[in-house]
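Reader: Hello! I am new to this structure and would love a close look at one part of it, the sheet, along with how it sits in the rest of the protein. Could you walk me through it in one go?

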Amino acid sequence: MKDKPITEFVLLGALMSGPMHGYDILRFLGADLGPAWRVSTSQLYALLKRLESSGVVTSAMESQDTRPSKRVFSLNRSGKEMFLDWLKKPSPYVRDLRTEFLAKLFFFRKLSLEGSLALVKDQIQVLESVRERLITSRREEKDPYKKMVFGFKTTTLSGWLDWLKKEAVPFVKGIVQGSALSSE
């Protein structure tokens, strides 16, 4: 089981760009991660409070001339290390690919970080291993319903593997080429 909810890592990733107040974070998530991610305002502040109490995020009140003060959140070194460690690991659970894995690809691109191709290759290996276990389980299963369920899971995994190879690999190769061009 994961130590922290995926949403906490996404918030850490948002703060990798620099200090932000809650509204900035919501706007960042909505504008940039919109099709893949959503967090409610109440969930956001509860998670930020939890991240702050766990010592990976700090906050300070910032005064404004014509408006009420606002709390600005910043990522500290342990938060940055925690985020980068999470970012480079493939998603162990197939159910998390739609949210966690897509968020990881987003942050690799948004933050111009290295390692995205290695992540995709590792994710492919994880899914191929899971698919082989499912194929074996289906082959050995006698109950027709359970056999059908294993078939469903295998087909779903095959779809993810196909997408990784046809969409994710070219996407991350574009990230790598883009960062090589920008460093010239």
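Author: Happy to; here is the overall picture, then the sheet, then the core and two single residues.

A word on the source comes before the tour. This is a predicted model, in which local features need pLDDT of at least 70 and side-chain atom pairs count only at pLDDT 80 or more, while totals for chains, interfaces and linings use all residues. Residues are numbered from 1 along each chain as its sequence is written, and side-chain values use heavy atoms, with hydrogens and water left out.

The protein has seven helices and three strands. Here helices (H or I, at least four residues) and strands (E, at least two) are DSSP runs, numbered from the N terminus. Along the sequence, the pattern reads α-β-α-α-β-β-α-α-α-α. The C-alpha trace spans about 70 × 45 × 25 Å along its principal axes.

Now to the sheet you asked about. Three strands form an open sheet in the order 1-3-2, with antiparallel pairing. Strand 1 and strand 2 are the edge strands, each pairing on one side only. Two strands count as paired if DSSP finds at least two bridges between them. As a general point, strands of a sheet pair through backbone hydrogen bonds, either parallel or antiparallel.

Take strand 1 to begin with. Strand 1, residues 20–21, pairs with strand 3 over two bridges, and Met20 has Phe73 of strand 3 as its bridge partner. On the other pairing, strand 2 (residues 57–62) and strand 3 are joined over six bridges, again in the antiparallel sense. Within this pairing, Val57 stands opposite Leu75, and Glu62 stands opposite Lys70.

Met20 also leads us from the sheet to the core. Ile25 is in contact (heavy atoms within 4.5 Å) with Met20, as well as with Leu11, Ala14, Leu15, Leu44 and Leu48, leaving aside neighbours within four places in sequence. Ile25 belongs to the largest nonpolar core, which has 48 residues; Ile25, Phe107 and Val120 touch the most other members. Strand 3 (70–75) supplies at least two residues of this core, and so does each of several helices, including helix 2 (22–32) and helix 5 (97–110). Helix 7 gives the most, with nine residues. A nonpolar core is a set of buried Ala, Val, Leu, Ile, Met, Phe, Trp, Tyr and Cys residues joined through side-chain atoms within 4.5 Å.

"Buried" has its own cut-off: under 20% relative accessible area, with exposed over 50% and partly exposed in between (1.4 Å probe, protein chains only). By that count, buried residues make up 36% of the 184 residues in the protein.

Two residues show how the cut-offs work. Thr99 lies in helix 5 and counts as buried because its relative accessibility is 17%. Not counting residues up to four places away in sequence, Thr99 touches Ile6, Ala36 and Trp37. Lys89, found in the loop between helix 4 and helix 5, has a relative accessible area of 43%, so Lys89 is partly exposed. Beyond its neighbours within four places in sequence, Lys89 is in contact with Lys104 and Leu119. The C-alpha atoms of Lys89 and Phe101 are separated by 9.4 Å, and these residues are twelve apart along the chain.
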